[in-house]
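Here is a short briefing to read alongside the sequence and the model. Have a look at both, then use the notes below as a guide.

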Amino acid sequence: MRFHFEQGPIRPPSESRSLLLRFTRNCPWNRCAFCPVYKGRSFSRRTLAEIKADIDTVRSIIDDIKALSWSMGEAGEVSGQVINRILTDPAKTGCYRHVAVWLYYGEGTVFLQDANSPILRTADLVEALRYLKEKVPGITRITSYGRSATLARKSMEELREIRDSGLDRIHIGLESGSDTVLKFMDKGVSAAQHIEAGVKVKEAGMTLSEYIMPGLGGVQWSREHALETARVLKAIDPHFIRLRTLRVPPHTPLWDHLQSGTFQTLSDDDTVREIRLLIENLENIHSRLTSDHMRNLLENLEGTFPDDKPKMLGIIDQYLALSDDDRILYRLGRYGGGAAVRRRSSGLSTPLGKSPQGVATGDRKRHRHPHRRAGRTILVRKFGAFDLGQGFGGLMALWCASRMRESGSGEPHEARSHRDKGGTHVLLSMRTNGQERGVHQAGRVRQAARRGGASGSFDRRT
Ligand code: SF4
């Protein structure tokens, strides 16, 4: 039997351990200026029969995995031995592995793809949810993305029925509470609709997660974006506020605006100031703010209102109080090596809380400052020729350069990488405020194949 079911391209970061099931394909709106995800792909609703067939396939995979476990003497559990057997078997499909890993984590959460499952006819969505819960017992939470425009159109009765059938949580891309920004970005929804949808979702008994996008107002509307977003969030008081900082990918309408000068991105520091203004104005709410997206500079910026508000403002103020050079190094570390060293450095205590990932790893006791960790290198100096390296080093150089440009840290005009016994070295030459400087990031970079990721360390030499 070919164990395959359909899955879409993305999920929220908080759903990394969820079973992904596709109820609709792509995005019915597909016009947001900043969003590249579904451009060029057309939207369709999957039929109830298709959705049920996929759920049946998941059920068959679960049964097959349980039988394997029994045959290995693991009493039906997806133990380390069972998961290793499955992940090292080249005959297993990606879907089969996905279900196996889902069982292994044992959290029982499910995420419905793609961009707007509530757009299904309520009767179909309800039937699909009931079928899912019947066929796959032990599900602890079902979550989906939903557009405010769609949710605001549903009646309270419909939303309650959907909730009672098992949809526990909705993630809404609120992005901004400013009508000016929403219109410019062609979000297809107004601030009033955001409020209406958010209030209704909560009233129906679902957990509400609102994604907001720092930087989306650009230079022109930054203040309005922060203040109006705070106003809308105060009116909704969602369970979660999640930050997802703007990035402008090529092949989006916003990229064209950037090229023509009709939109200007904020620098990283101004984005941090904008987030500060937003948090400052969030009063009388009880939401939990999280910074769980890799695009966010301050990933330890999290807490629950109102108690943690001073702590969150303090984290921002500590960053802004760093010297110019230290802020550049902080950003380079975060963007250049963040993913690479996250596992090793998490939990380090620094003035900014958890480690500003990637600047360094190593001896915790000697780390009084994120950029002054013993025996590591980030060398600031002038240097010469352009020579982008190959392979991982080249990618790293390119990545560092593009992030530094995007973040407004300066204009990288040279990027170079090479490998030696010490690992992969990346050198960037930057122009910041008319001054030229070089940033040398040296790292030992090795694939941690068993853990499926790279790890590295960065050394400050001067
Ligand atoms: S609604 Fe969401 S998925 Fe659709 S275009 Fe906008 S941001 Fe992208």
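The notes below cover the overall fold, the core, one helix and the ligand site.

This is a predicted model, in which local features need pLDDT of at least 70, side-chain atom pairs count only at pLDDT 80 or more, and totals for chains, interfaces and linings use all residues. Residues are numbered from 1 along each chain as its sequence is written.

**Overall fold**
- The chain has 14 helices and 15 strands (DSSP runs numbered from the N terminus: H or I of at least four residues for helices, E of at least two for strands).
- Of the 462 residues in the chain, 44% are buried (20 or more other C-beta atoms, placed from the backbone, within 10 Å of a residue's own).

**Core**
- The largest nonpolar core (buried Ala, Val, Leu, Ile, Met, Phe, Trp, Tyr and Cys joined through C-beta atoms within 7 Å) has 77 residues.
- F34, I65, V99, A100, L103, M185 and V201 touch the most other members of that core.

**Helix 8**
- Helix 8 covers residues 191-203 and reaches 18 Å from its first C-alpha to its last.
- Its buried residues are A191, H194, I195, A197, G198, K200 and V201.
- Those residues pack against elements including helix 5 (148-153), strand 6 (167-175) and helix 9 (222-236), with contact meaning C-beta atoms, placed from the backbone, within 7 Å.
- After helix 8 comes G205, with a positive phi near 95°.

**Ligand site**
- Around the ligand sit C27, W29, N30, R31, C32, C35, V37, Y38, A115, R147 and G173, where the cut-off is a backbone-placed C-beta atom within 6 Å.

Terms used. A residue is buried if 20 or more other C-beta atoms lie within 10 Å of its own, exposed if 12 or fewer, and partly exposed in between; C-beta atoms are placed from the backbone. The expected span of a helix is 1.5 Å times one less than its number of residues. Two residues are in contact if their C-beta atoms, placed from the backbone, lie within 7 Å.
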